[in-house]
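User: I have a model open and would like to go through it with you. Can we start with the place where the chains meet?
Analyst: Yes, put it up and ask away.

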Amino acid sequence: MTLRLGVALWLLVATTATGSAQWLNHRDPSLPRTADDQPDLQAPPPRFADGRIDLSGVWMPDPKATPGAAPVGQTSGEDPVIRLRTEDGTPFPLLPAAEAEYKERMRRGDHGPSSRCMPHTIVDAYLVPEPIKFVHAARVTILLQEEYQHFRQIFTDGRAFPPDMQPAWYGYSVGRWEGDEFVIETRGLNTQGWLDLTPLTHTESLQLTERFRRPNVGTLQVQATVNDPGKFSRVWRTQTISFRLVPEADLLEYLCDNNRMPELTAPNRGSQARVMQRHS
Amino acid sequence: MMKPSNLVTSLFLALGLAFTAHAQWISVPLPGTPRTSDGKPNLSAPAPRASDGHLDLSGIWKSRPEYTNPKGRGLERFMPAGSRVPMTPAAEKFYAEITGNGRYDAADPSERCLPDGVPNHMLPLPIKIVQTPGLILTLFEEFYVFRQIFTDGRKLPVDPQPTWFGYSVAHWEKDTLVVESSGFNEQTYLDGEGLPHSEALRITERYRRPDFGHLVIEFTFTDPKYYQRPWTAIIPFDLMPDTELIEHFCENEKDLGSMIRK
């Protein structure tokens with residue numbers, strides 16, 4: 001769904017009138033400010049009392065600051081999506097069978113899970129212009145996704161992975177702080193999710209490591225390490241994906257109704273339009 | 001998976017979940033849980049407190065079908081004995097139609113993988129409350145969606161775009177969390193029987209945690225279009241200790257042909 005410009009334009013045209021009555025302009029007293037009272041996005045990142053970096057906030061993937069933004073024409077609404085790349089720009093190290101499958105899926109034009117209201121998972125959720133929100137609680141960090149109102153839990157209470165994981169869309173994630181990074185390890189993913197917006201699939205053996213950094217108040221970055229011997233000839237790292245803080249705003253409700261029941265999709269259309277407003 | 005709408009579905013879900021349950025974080029001893037001398041969670045221990053001194057409502061909770069008004073229907077069962085939901089004629093008409101001619105299953109949003117709103121999406125599958133300073137999250141096992149309840153002092157939006165979960169702000173009155181919500185769309189019902197509401201609906205929830213293992217939520221509904229006066233249902237919840245939510249996404253593509261609204 002996210003790659004269909006026609007649909008996106010239709011949504012935009014249909015619904016631009018609904019943007020003003022949300023929590024899109026809520027003053028956040030925790031943000032440092034410049035002399036003219038604007039959020040100081042260049043200030044050092046916030047930290048907890050014990051020095052750990054604090055990722056809290058609403059974050060929008062930032063194609064301008066990420067290598068690999070898609071060429072003009074491949075957009076969701078007004079914003080370019082990000083194409084997943086390897087760290088050094090070389091092709092994905094696909095095994096021969098995986099490469100054949102990838103090419104065939106590309107040729108067929110397979111649509112990703114989100115086209116049938118299933119989630120963008122890891123890493124593809126960071127490639128679309130849909131905000132995420134980090135919420136740190138004691139012993140668990142929650143990653144809220146505006147898209148379809150879904151969430152991920154990242155446990156920071158020191159637990160180990162379950163011994164025999166029922167494969168799941170988001171898998172099973174544990175997190176830890178390492179220096180200035182928040183590191184998430186994920187296992188137990190099912191084979192439904194895609195790594196990229198193109199049909200870069202994986203096996204249940206996939207092991208993902210995400211390393212999040214917050215170099216300043218206004219910037220979040222993540223680099224993922226992909227380890228799936230069933231699909232790739234070696235462990236590889238993604239490019240560093242950047243997000244920009246969406247200060248003093250919040251997520252909008254965005255549920256998915258398979259785009260087939262027009263009488264029910266008005267709230268969704270409104271949300272999408274407001275997302276687009278917020279981008280500008 | 002659909003919300004259970006009949007016994008067969010319920011049994012199927014129960015069996016299915018039971019079959020896969022051992023492979024999740026279904027049994028995980030959670031730090032911070034008070035325990036009896038034999039190591040079991042002490043559910044009658046005092047309720048925990050957050051670092052700011054307020055009660056901490058965090059935990060995984062499941063509503064308990066303990067009815068104060070067992071002869072009622074749906075939410076009515078959680079009202080004082082002998083009472084009725086004070087429906088207006090418009091609500092009576094809607095309620096009779098939706099339950100009288102078999103339309104309800106087709107109209108129930110969860111049958112199309114959409115949320116049941118407040119409070120219906122909190123019943124009866126597990127919810128997880130995550131309390132942080134300034135923000136309380138409700139994570140729903142059903143369809144793996146979330147609701148945000150702001151405790152940072154902000155006010156409700158004046159003219160909100162109607163949404164499935166509405167807009168929620170809360171404050172503490174001693175040991176009671178008082179949640180005020182508005183801005184709901186008209187797609188959901190208040191309960192599994194089809195109690196209607198309009199966009200004018202306002203809900204006040206009062207959360208109390210009398211001890212470690214128990215939560216009580218008092219829901220007061222105000223909606224002059226469908227109800228003659230505000231009315232209240234009190235629903236008890238039990239803690240599910242030492243466990244975790246199970247990922248439960250809903251995919252309705254395959255069943256779409258049989259899901260016709262109106």
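User: How many salt bridges does the rule find across the interface of chain B and chain A?
Analyst: Zero. Keep in mind that this is a predicted model.

User: And how many residue pairs are in polar contact across that interface?
Analyst: The rule finds ten such pairs between chain B and chain A, with both residues at pLDDT 80 or more.

User: Which elements of chain B give two or more residues to the side that touches chain A?
Analyst: Strand 2 (127-132), strand 3 (135-140), strand 4 (146-150) and strand 5 (167-173) of chain B. The largest share comes from strand 3 of chain B, with four residues.

User: What is that side like by class?
Analyst: The side of chain B that touches chain A has 30 nonpolar, 13 polar and eleven charged residues.

User: What area is buried between the two chains?
Analyst: About 4,400 Å², and carbon and sulfur atoms give 61% of that. On the chain B side, B:Trp25, B:Phe146 and B:Gln161 lose the most area to chain A; together they make up 18% of what that side buries. As for contacts, 54 residues of chain B are in contact with 53 residues of chain A.

User: New topic. How many helices and strands does chain B have?
Analyst: Chain B has three helices and nine strands. Along the sequence, the pattern of chain B reads α-β-α-α-β-β-β-β-β-β-β-β.

User: And chain A, how many there?
Analyst: Three helices and twelve strands.

User: What percentage of each chain counts as buried?
Analyst: For chain B, 55% of its 262 residues. For chain A, 58% of its 280 residues.

User: What about contacts between residues far along the sequence from each other, in chain B?
Analyst: Take the contacts in chain B between residues at least 6 apart in sequence: 58% of them join residues at least 24 apart. In chain A, residues 24 or more positions apart account for 61% of the contacts with a separation of 6 or more.

User: Which residues have the most contacts inside the largest nonpolar core?
Analyst: B:Leu75, B:Met122, B:Leu195, B:Tyr207 and B:Trp231, in a core of 50 residues. Several elements of chain B each supply at least two residues of this core, among them helix 2 (89-100), strand 7 (202-211) and strand 8 (214-222). Strand 9 of chain B gives the most, with five residues.

User: Pick one of those. What does B:Leu195 touch?
Analyst: Leaving out residues up to four places away in sequence, B:Leu195 touches B:Leu75, B:Val85, B:Met87, B:Tyr95, B:Tyr189, B:Leu190, B:Tyr227 and B:Trp231. There is also a second, separate core of 41 residues, which includes A:Ala98, A:Tyr126, A:Phe212 and A:Ala224.

User: Is there a general point behind such cores?
Analyst: In soluble globular proteins, nonpolar side chains tend to be buried together.

User: Now single residues. Where is B:Gly213?
Analyst: In the loop between strand 7 and strand 8 of chain B.

User: Buried or exposed?
Analyst: B:Gly213 counts as buried because its relative accessibility is 2%, and the cut-off for buried is under 20%. Apart from its neighbours within four places in sequence, B:Gly213 is in contact with B:Leu43, B:Trp61, B:Phe237, B:Asp238 and B:Leu239. B:Gly213 and B:Asp238 are 25 residues apart in sequence, with their C-alpha atoms 6.0 Å apart.

User: I also want the odd backbone spots. Which residues does a cis peptide bond join in chain B?
Analyst: B:Val118 and B:Pro119, with omega about 0°. B:Pro119 is in the loop between helix 3 (104-107) and strand 2 of chain B. In chain A, the peptide bond from A:Ile122 to A:Val123 is cis, with omega near 5°. A:Val123 lies in the loop between helix 2 (96-108) and strand 4 (132-137) of chain A.

User: What is the phi of B:Lys174?
Analyst: Positive, about 55°, although B:Lys174 is not a glycine. B:Lys174 lies in the loop between strand 5 and strand 6 of chain B, and counts as exposed at 79% relative accessibility.

User: And what about B:Asp242?
Analyst: B:Asp242 is not a glycine either, and has a positive phi of about 55°. B:Asp242 is in the segment after strand 9 of chain B and is buried, with a relative accessible area of 14%.

Notes: Residues numbered from 1 in each chain as written. Chains lettered and ligands numbered in written order. Predicted model: local features only at pLDDT ≥ 70, side-chain atom pairs only at ≥ 80, totals over all residues. Heavy atoms only, no water. Contact = heavy atoms within 4.5 Å. Buried area = accessible area lost by both parts, 1.4 Å probe. Salt bridge = Lys/Arg side-chain N within 4 Å of Asp/Glu carboxyl O. Polar contact = N/O pair within 3.5 Å; in protein donor to acceptor, adjacent residues only side chain to side chain. Nonpolar A, V, L, I, M, F, W, Y, C, P; charged D, E, K, R; others polar. Core = buried A, V, L, I, M, F, W, Y, C linked by side-chain atoms within 4.5 Å. Buried < 20%, exposed > 50% of the residue type's maximum accessible area, 1.4 Å probe, protein only.
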